[in-house]
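Me: Please give a close account of the aromatic rings in this model, covering the charged groups placed over them and the way the rings pair with one another.

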Amino acid sequence: MKFTDGYWMLREGVRAAYPAEVLDVTAHPGGLDIHAPTTPVRHRGDLLKGPMLTVSCTAPAPDVIAVRLTHFTGGRDRGPHFAVTTTPGHAVVTDHPEHATLTSGGLSVRFARNGPWRMEFRAGGRTLTAGGPRSTAILQTADGRHYLREQLGLGVGTHVYGLGERFGPLVKNGQVVDAWNADGGTSSELAYKNVPFFLTDAGYGVFVNDPGRVSFEVASEAVSRVQFSAESQSLEYLVIHGPTPKEILRRYTALTGRPALPPAWSFGLWLSTSFTTSYDEATVTGFVDGMAKRELPLSVFHFDCFWMREFHWCDFTWDPRVFPDPEGMLRRLHDRGLRVCVWINPYIAQRSPLFAEGRAAGYLLKKPDGDVWQWDLWQPGMALVDFTNPDARAWFAAKLDALLAMGVDCFKTDFGERVPTDVRWFDGSDPEGMHNYYTQLYNQTVFEVLRARRGHGDAVVFARSATAGGQQFPVHWGGDCEATYESMAESLRGGLSLGLSGFGFWSHDIGGFEGTPSAALFKRWAAFGLLSSHSRLHGSDSYRVPWVYDGEGAAADGGGEATEVLRAFTRLKLRLMPYLYEAARQARDEGVPMMRAMVLEFPDDPACAHLERQYMLGESLLVAPVFADDGRVGYYVPAGTWTHLLTGRTVTGPRWVEETHGFDSLPLLVRPGTVLPWGAVDDRPDYPYARGVTLRVYEPQDGTTVRCRVPAPDGTTAATFTVTRTAHQVTVTASPDAPPGWTATLTSSIPLDLHLPPTP
């Protein structure tokens with residue numbers, strides 16, 4: 001939101017007051033409070049004027065400083081609030097005649113005691129960012145609305161990332177971002193997952209601790225500053241020191257929560273009925289039979305909305321006209337080794353029997369006059385479950401638990417963005433704050449019932465909406481994209497942006513959701529989809545089974561090229577599961593995403609700052625999806641000798657590369673110095689990863705030791721291997737718990753000897 005008209009002027013009707021200087025400092029065990037008048041104090045007469053801004057600083061965790069700006073304190077705190085985990089006791093306050101400083105770990109905030117207003121955040125002997133005169137502000141607009149605004153300086157060459165799943169350019173400089181969840185698809189500035197957190201490549205990130213509408217002007221209203229504002233009397237933000245982007249994410253997710261580890265089976269291929277297509281049990285059985293006949297490993301089958309009767313969403317009851325024996329059908333799917341996912345949303349259509357039940361019990365969101373809030377968009381007469389009511393949450397959870405008892409394994413938690421503000425919540429929460437926060441309560445409710453029924457480590461959702469903290473309830477997918485290369489690219493931008501916002505796991509609809517992909521697009525997207533954390537075939541009004549895209553003349557049993565491509569990349573992903581599940585464990589334990597923007601792994605390489613058409617899958621695999629029928633692709637290779645995983649060909653960076661790939665290939669490069677655990681199984685994602693594993697050693701550097709941890713399917717450690725290069729010899733050893741049957745291979749651009757321990 002903009003308040004100024006260029007450098008000198010305010011917009012018509014806007015009034016502003018800026019802290020002019022530090023009047024006094026109050027130090028306390030948890031931090032310090034600054035009282036800042038908005039008029040310079042020259043004599044006692046100036047002490048009779050307002051407004052006054054209070055700036056309170058605390059240290060919620062090491063290397064984190066929280067700043068709260070406050071104007072009036074007389075209002076009620078209605079909530080909601082983000083759940084932030086703090087470890088207080090790190091604040092060190094120094095009150096010097098020239099400046100007042102609060103230090104937390106290696107990060108300090110310093111206020112000038114004399115002269116004009118000046119606030120600096122410092123670490124490592126340098127200023128990370130700062131605010132000066134006219135940066136911090138109390139603002140009132142022509143219609144009487146009251147805002148607090150902060151501006152933090154952007155150094156020359158500093159790039160800003162994050163702010164949720166955003167489908168525009170990965171670097172946010174120059175953009176205006178309003179943190180307001182919306183059902184807007186993947187083709188606009190709207191976002192399903194707004195997160196009021198950004199990180200920079202200049203050593204710091206900022207989390208605005210406000211679940212409501214926060215407006216960010218990123219080098220836009222003031223091109224040398226990041227600005228954020230909210231309609232509030234109090235605004236808190238947390239500055240998080242890295243210095244690296246990875247360390248910033250680790251500290252941010254320690255505050256707002258780290259993701260649960262999804263079950264290993266969820267990393268396999270998901271197949272959907274699609275949305276408005278026609279389907280019944282015979283259709284489902286035909287799809288599953290077709291996948292098996294073509295030797296396409298399938299892990300999860302998903303039933304979209306029409307598993308329930310039309311205009312009844314949600315009543316959580318199978319439509320008896322097309323699924324007359326749901327218990328038997330679920331049992332038959334389980335007998336084939338499949339998990340089952342069903343679609344849900346947090347809305348109750350008026351025709352659903354649950355509408356009257358929820359209305360009578362007070363479980364549905366109400367208008368200020370006490371009537372149930374309703375509208376006709378999406379489902380006629382639909383209402384929203386009021387998740388601020390503990391009894392409503394228990395009621396909703398019980399409906400889901402009955403499905404789990406029947407044999408459903410997980411839920412696609414769709415929607416959660418269209419949340420009205422002309423309402424009264426059960427717990428009195430502020431409607432503005434609940435608009436974004438609603439999805440947190442929704443997905444938490446669903447995830448907790450899954451965990452209660454299935455146990456820790458076996459709960460997973462497929463969620464569309466989120467806010468800060470939503471990363472705790474994986475997995476999230478990119479929403480409604482189109483069947484075009486442009487939409488494939490915008491989906492990738494959204495996923496990388498979300499990963500830089502603290503989310504560890506992400507997926508997208510292979511082939512696109514809206515429209516029907518060409519055979520070429522389907523094959524290109526399949527390769528990208530199987531090299532994502534989670535992989536799902538799903539569409540709107542057309543099926544996504546691969547034989548639909550094989551063309552005439554394809555063999556009925558083996559399929560054509562689309563089937564072959566999907567088979568090859570599915571089996572590749574399953575072979576990579578020892579590596580991928582270790583990357584998933586890192587996401588759980590450290591908050592670092594599986595799919596990583598290049599800047600996250602290579603923050604010191606300026607060529608990586610803007611890269612958004614390639615990514616790192618884990619720390620060792622570079623993936624560059626192909627966005628063209630003809631297979632032409634350009635990508636950047638950082639320093640070192642990298643190896644094409646699929647061909648063994650090497651390329652030495654730093655350099656830009658242009659290549660042409662067939663549908664069975666794409667740039668998939670192994671980072672030099674990698675020990676890549678290659679699984680022995682290619683027909684399921686959940687297997688004993690250490691049994692029969694092959695350690696693929698790539699371009700080891702002299703004098704280095706690399707430890708490769710191979711996880712078990714429950715996320716614990718199954719074995720640890722140590723690879724050491726000394727001169728021309730590479731030695732591989734295994735921990736005592738490593739099962740027999742493992743081996744190793746070596747890829748090197750110079751002759752080296754590989755030494756393995758004798759086979760017992």
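Reply: Aromatic rings and their contacts

The charged end of R134 sits over the ring of Y7, at 5.1 Å from the ring centre (NZ of Lys or CZ of Arg within 6 Å of the ring centre and within 35 degrees of the ring normal). This is a predicted model, in which local features need pLDDT of at least 70 and side-chain atom pairs count only at pLDDT 80 or more, while totals for chains, interfaces and linings use all residues. Residues are numbered from 1 along each chain as its sequence is written, and side-chain values use heavy atoms, with hydrogens and water left out.

A second contact of this kind involves R294 and W547: the charged end of R294 sits over the ring of W547, 4.1 Å from the centre of that ring.

Turning to contacts between rings, the structure holds 46 aromatic pairs (rings of Phe, Tyr and Trp, the last by its six-membered ring, with centres within 6.5 Å; stacked if the planes are under 30 degrees apart, edge-to-face if over 60, tilted otherwise). One of them joins W313 to W378 in a tilted arrangement, with 5.5 Å from centre to centre and 45 degrees between the planes. W313 belongs to the loop between β23 (300–303) and α3 (326–335), and W378 to the loop between α4 (353–361) and β26 (383–384), so this pair ties together parts that lie 65 residues apart in sequence (DSSP runs numbered from the N terminus, with helices, H or I, of at least four residues and strands, E, of at least two). W313 is buried, at 4% relative accessibility, whereas W378, at 25%, is partly exposed (buried is under 20% relative accessible area, exposed over 50%, partly exposed in between, with a 1.4 Å probe and protein chains only).

F522 and Y549 form a stacked pair, with centres 4.4 Å apart and 15 degrees between the planes. F522 lies in helix α8 (residues 519–530), while Y549 is in the loop between β31 (535–537) and α9 (561–575); the pair therefore ties together parts that are 27 residues apart in sequence. Both F522 and Y549 are buried.

The tilted tryptophans also belong to a wider grouping. W313 and W378 are members of one aromatic cluster, together with F275, F306, W343, Y347, F415 and F513. Within this cluster, buried W313 is thus seen alongside partly exposed W378.
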